[in-house]
Amino acid sequence: MTQNESDTFEIGSKTVHRLGFGAMRLCGEEIIGPPEDEEAARELVRTAVEQGVDFIDTADSYGPGVSERLVGEALDDPDDVLVASKAGLLRNREGEWLHHGDPDYIRNQVLCSLDRLRTDTIDLYQYHRPDPDTPFEDSVRAFAELKDEGLVEQVGLSNVSVDQLETAREHVDVATVQNRYNVGDRSEADVLEACEEYDIGFIPWAPINGDDLASHGETLDEIAEDHDATRRQIALAWLLERSDVILPIPGTSDPDHLQSNLAASQLSLSDDEVARMTDLEN
């Protein structure tokens, strides 16, 4: 089986491989409800761990509740895997993602997440998206309190600006930031730079989004041909080369896609190839 050979990064007291696994797509279609085969989903998570994945990212809104439950059932709170979750978005059956950063709601949701993940303490709990109807600092303080109370080990943010990151750091140590970033979409580059400055893990969501990659498909395909790899594998390999703080979490429900993603950790891009991709216009 293909092993995860990515470098490592420290999140709190745990050291994890930088190539992780995003558990959003363990759910049913449109990230709503359970998958057709729940045992296959649980087995996919176990397989990922067997192959060296020790960083898994989920959220209470995936399903909602489904992804967390399946991860909890598959792993049952292992010491050697860091499981991250998120709160701050509502998900309904119409497919809407709704902001909800109310502190009381966050405190309620962490209890649900603890139960579904079968743990007493969540390794990394992230504020999923700032809520325009709730003062940002109020939401962040709620996460800080959860850490103080021992319900979560580390606090992360998602979909934030540099200013919001700076504000949050006044209230709590921020372990990670999860913003959209990939070869074709680098609009959050300033946030990545701030994370590099503070040695904060940067988790790029949509790391190999097909629509984003298509904008530079010709270059990606040329480099992929030289490595007998795919466009998506080259895009993942570039993220791992781009910065030591980047922690890609490609998600899938397909065992073959999992193997393909892990194989990207074994690619070695030349300095020239990395520079070519870094210099692409966005």
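These questions and replies go through the cavities, the sheet and one helix of a predicted model.

Me: What makes an empty space in this structure a cavity?
Reply: A cavity is a set of points where a 1.4 Å probe fits but cannot get out. The structure holds 2 of these with 30 Å³ or more. The largest has about 90 Å³ of space. The second largest has a volume of about 40 Å³.

Me: How do you know that Val71 lines the largest cavity?
Reply: A lining residue has an atom within 4 Å of a cavity point. Val71 is on the list for the largest cavity, and so are others, including Leu75, Val83, Leu117 and Ile122. Helix H2 (66-75) and strand E8 (122-127) each supply at least two lining residues. H2 gives the most, with 3 residues.

Me: Which kinds of residue make up the lining of the largest cavity?
Reply: The lining divides into 7 nonpolar, 3 polar and 2 charged residues. Asp counts as charged, so Asp77 and Asp123 in this lining are charged.

Me: Why is Gly20, in the lining of the second largest cavity, called polar?
Reply: Gly counts among the polar residues here, so Gly20 in this lining is polar. The lining divides into 6 nonpolar, 2 polar and no charged residues. Helix H10 (residues 255-264) gives the most to this lining, with 3 residues.

Me: How do you know that E4 and E5 pair?
Reply: Two strands pair if there are at least two bridges between them. Strand E4 (residues 55-57) and strand E5 (residues 82-87) have 3 bridges, so they pair, and in the parallel sense. Isoleucine 56 stands opposite valine 83 in E5. Valine 83 also lines the largest cavity.

Me: What makes E3 and E11 edge strands?
Reply: The open sheet of 7 strands runs in the order E3-E4-E5-E8-E9-E10-E11, with parallel pairing. Strand E3 (21-22) and strand E11 (201-205) each have a single partner strand, so one side of each is left without a neighbour in the sheet.

Me: Why is Val191 called buried, and Glu193 exposed?
Reply: Buried means under 20% relative accessible area, and exposed means over 50%. In helix H6 (residues 189-198), Val191, Leu192, Ala194 and Cys195 are buried. Those buried residues fall within an arc of 160° seen down the axis of H6, so they line one face of the helix. The face turned away carries the exposed residues Glu193 and Glu197.

Me: What do the buried residues of H6 pack against?
Reply: They pack against helix H5 (162-169), strand E10 (174-180) and E11. Just after H6, aspartate 199 takes a positive phi of about 55°.

Notes
Residues are numbered from 1 along each chain as its sequence is written. This is a predicted model: local features need pLDDT of at least 70, side-chain atom pairs count only at pLDDT 80 or more; totals for chains, interfaces and linings use all residues. Side-chain values use heavy atoms; hydrogens and water are left out. On a 1 Å grid over the protein atoms alone, a cavity is a set of points where a 1.4 Å probe fits but cannot get out, and a pocket is an open set with protein on both sides within 12 Å along at least five of seven lines; lining residues have an atom within 4 Å of a point. Grid points are joined across faces, edges and corners, and a volume is the space filled by probe spheres set on the points. Helices (H or I, at least four residues) and strands (E, at least two) are DSSP runs, numbered from the N terminus. Buried means under 20% relative accessible area, exposed over 50%, partly exposed in between (1.4 Å probe, protein chains only). The arc is that of the directions from the helix axis to the C-beta atoms. Contact means heavy atoms within 4.5 Å.
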